[in-house]
Amino acid sequence: MLLFFDGLLILLAGYLLYGKVIQRLVMPDRRETPAIRHHDGVDYVVLPKWKNMLIQLLNIAGVGPVIGVILGIKFGEIVFFIIPIGNVIGGAVHDYISGMMSIRNDGANLPTLIKKYLGKGYYGIFGVFMTLLLLLVVAVFINIPAGLVNTSIKDGSLDLFWPAVVVIFIYYICATLFPVDKIIGKIYPVFGAVLLISSFAILGSLIFCLFKNPEMLTMSEGFRENMFTAANNHPVIPLLFVTIACGIISGFHATQSPIVARTMRSEKEGLDTYYGMMIAEGVIAMIWAAGAMAVYNANPALMLGKEVVTLRIIAERFLGQWWGQLTVIGVIILAITSGDTAMRSLRLSLAEMFKINQRKITSRLLLCLPLIVVISGLLWWSNQNAKTFGYLWNYFAWGNQVLAASTLLACTVWLYIRKKNIFYTLLPGMFMSFIVICFIFWTSREHGGPYGLGFSLRDAIIVSLLCVAALTFWLIKRCRKAAVKLGDREK
């Protein structure tokens with residue numbers, strides 16, 4: 001129980017103290033933002049700070065701080081420590097500095113920033129990789145809410161999965177094509193409020209229950225028998241940091257931040273909008289992790305079942321049946337509000353890559369048509385059987401953290417050019433590089449994961465450390481080269 005409350009205090013202290021340290025690295029000022037300088041009524045539109053904060057929260061949250069931590073808490077109480085520490089020094093730093101980089105570069109999307117700071121060679125691979133990942137993200141965030149709709153309101157033999165897929169996909173297309181203030185700017189603040197109210201209602205109920213049963217968040221014997229360990233092919237390193245992406249750090253966030261970078265009135269809104277909303281996501285992740293541990297302690301058999309079922313049990317146990325069902329609906333909305341902006345981000349990134357002006361709706365539509373075809377194919381393939389969706393999720397989770405590592409490397413170059421302390425991004429960047437390299441070397445069908453190289457954990461760690469050492473050497477050289485090339489132009 002103490003670890004849970006200590007974790008919440010770390011998140012609060014991180015926002016109040018460490019966030020200010022990171023803000024001083026960037027030194028936001030009164031210069032014109034992209035929303036004012038490039039106003040176009042479509043993507044560059046000034047929105048109020050409170051709207052931007054809630055839009056950013058929903059953009060980045062997805063189902064990671066809910067479904068991800070319901071799965072991740074199976075690693076045990078260590079999760080209550082790793083989430084806040086990783087969030088404060090990794091995830092929130094990643095979100096804030098990448099978001100401010102975008103603002104300083106006219107609201108540029110992640111591939112453009114990677115090209116500028118890590119070079120054309122890195123960009124050539126990264127651009128393709130990120131495009132594929134965002135396609136996976138859209139497919140995943142259509143699958144999950146459609147599945148939740150189907151299990152929540154299915155009546156008898158009536159299968160609502162594919163009708164739900166069609167409705168959600170049509171909404172995604174509309175949200176991608178229409179100006180940011182017409183759909184996203186109007187409905188996201190409402191959904192953001194629902195997410196926060198539901199999560200804090202669970203927190204209040206959880207605290208009340210803890211007074212009656214302080215052992216509720218202490219691992220029971222049944223929990224220990226079913227928890228993830230290295231012995232059952234679930235080592236904390238590297239698996240935990242891939243399983244709980246959004247609550248700790250997530251590269252997907254850096255693809256979403258430019259959307260808000262194009263709607264901010266002032267650079268000084270960045271700390272609350274980027275760093276603060278990642279801290280808020282960490283709090284949400286902690287709440288759902290605690291709810292899941294309480295439920296698993298009471299019924300360890302649930303640890304062998306589906307996380308979607310556990311989600312509903314958590315909501316109904318702590319909020320009652322009516323409010324619990326409403327919370328499940330909120331989680332469905334949460335998934336949808338990440339998928340639509342993932343597709344929008346994909347459109348914006350491809351438009352930048354191929355220099356396609358997005359003022360006219362016909363240009364936006366033509367760019368979206370091939371995306372619709374590819375995503376439709378992914379949806380069909382991923383639902384052929386249970387295993388195919390498992391592959392889709394595993395590669396999405398790993399690819400997400402490749403983006404995080406790459407973003408932090410670009411942030412490191414950006415700080416170096418501006419003569420700032422690079423260790424605030426270099427250390428978490430190299431750690432996440434170690435994680436993604438270790439995962440691909442270790443994972444395999446024999447280890448119960450997707451296709452990988454299948455090394456022993458010991459050998460995977462050794463090889464990964466050597467790769468990270470080489471990557472660090474390359475990055476320092478890149479920093480010096482970029483400083484010569486861009487130093488006089490960066491402000």
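Trainee: Which residues of helix H4 are buried?

Mentor: In this predicted model, helix H4 spans residues 64–72, and 8 of its 9 residues are buried, so the helix is largely enclosed by the rest of the structure. The buried residues are Gly64, Pro65, Val66, Ile67, Gly68, Val69, Ile70 and Gly72.

Trainee: What covers the buried residues of H4?

Mentor: The cover must come from other parts of the structure, because H4 is largely enclosed by the rest of it. Among the elements over its buried residues are helix H3 (49–61), helix H5 (79–104), helix H11 (236–243), helix H12 (245–248), helix H14 (270–298) and H15.

Trainee: Is Arg347, in helix H15, buried or exposed?

Mentor: Arg347 belongs to helix H15, which runs over residues 307–354. A residue is called buried when its relative accessible area is under 20%. The value for Arg347 is 0%, so Arg347 counts as buried.

Trainee: Which residues is Arg347 in contact with, leaving aside its neighbours within four places in sequence?

Mentor: Contact here means heavy atoms within 4.5 Å. With the neighbours within four places in sequence left aside, the partners of Arg347 are Asp43, Thr176, Gln358, Arg364, Leu367, Cys368 and Leu371.

Trainee: Which residues does Leu177 touch, not counting those up to four places away in sequence?

Mentor: Leu177 lies in helix H8, residues 161–177, and counts as buried because its relative accessibility is 8%. Apart from residues up to four places away in sequence, Leu177 touches Arg364, Leu365 and Cys368.

Trainee: How many Å apart in space are Leu177 and Leu367, C-alpha to C-alpha?

Mentor: Along the sequence, 190 residues separate Leu177 from Leu367. In space, their C-alpha atoms are separated by 9.8 Å.

Trainee: How many salt bridges does the count come to?

Mentor: A pair qualifies when a side-chain nitrogen of Lys or Arg is within 4 Å of a carboxyl oxygen of Asp or Glu. By this rule, the count is 7.

Trainee: Which residue forms a salt bridge with Arg31?

Mentor: The closest N and O atoms of the pair are 3.5 Å apart. The partners are 236 residues apart and link distant parts of the chain: Arg31 is in the loop between H1 and helix H2 (34–37), and the other residue is in the loop between helix H13 (252–261) and H14. Arg31 is partly exposed because its relative accessibility is 32%, whereas its partner is buried at 1%. That partner is Glu267.

Trainee: Which parts of the chain does the salt bridge between Arg104 and Glu267 tie together?

Mentor: The side chains of Arg104 and Glu267 meet at 2.7 Å, N to O. The two residues are 163 residues apart in sequence, so the pair ties together helix H5, which holds Arg104, and the loop between H13 and H14, which holds Glu267.

Trainee: Which residues are linked in a network of salt bridges?

Mentor: Glu267 forms a salt bridge with Arg31, and the side chains of Arg104 and Glu267 also meet in one. The network is made up of Asp29, Arg31, Arg104 and Glu267.

Trainee: Which residue meets Asp272 in a salt bridge?

Mentor: The N to O distance in this pair is 2.5 Å. Asp272 is in helix H14 and its partner in helix H3, 223 residues apart. Asp272 is buried because its relative accessible area is 18%, while the partner, at 30%, counts as partly exposed. The residue asked for is Lys49.

Trainee: Which helix gives the largest share of the positive patch?

Mentor: The patch on the surface gathers Lys115, Lys120, Lys355, Lys477, Lys481 and Lys485. Lys481 counts as exposed because its relative accessibility is 57%, and Lys481 lies in helix H19. The largest share is 3 residues, and it comes from helix H19 (residues 457–486).

Trainee: Which residues does Leu3 touch, not counting those up to four places away in sequence?

Mentor: Leu3 is placed in helix H1, residues 2–26, and counts as partly exposed because its relative accessibility is 34%. Leaving out residues up to four places away in sequence, Leu3 touches Glu77, Phe80, Phe81 and Met286.

Terms used. Residues are numbered from 1 along each chain as its sequence is written. This is a predicted model: local features need pLDDT of at least 70, side-chain atom pairs count only at pLDDT 80 or more; totals for chains, interfaces and linings use all residues. Side-chain values use heavy atoms; hydrogens and water are left out. Helices (H or I, at least four residues) and strands (E, at least two) are DSSP runs, numbered from the N terminus. Buried means under 20% relative accessible area, exposed over 50%, partly exposed in between (1.4 Å probe, protein chains only). Patches are made of residues with over 30% relative accessible area and no salt bridge: like charges are joined within 9 Å, nonpolar side chains (Val, Leu, Ile, Met, Phe, Trp, Tyr) within 5 Å. Accessible areas come from the Shrake-Rupley method with a 1.4 Å probe; for residues, only the protein chains shown count as cover. Lys and Arg count as positive and Asp and Glu as negative; His and the chain ends are not counted. The place of a charge is taken as NZ of Lys, CZ of Arg, CG of Asp or CD of Glu.
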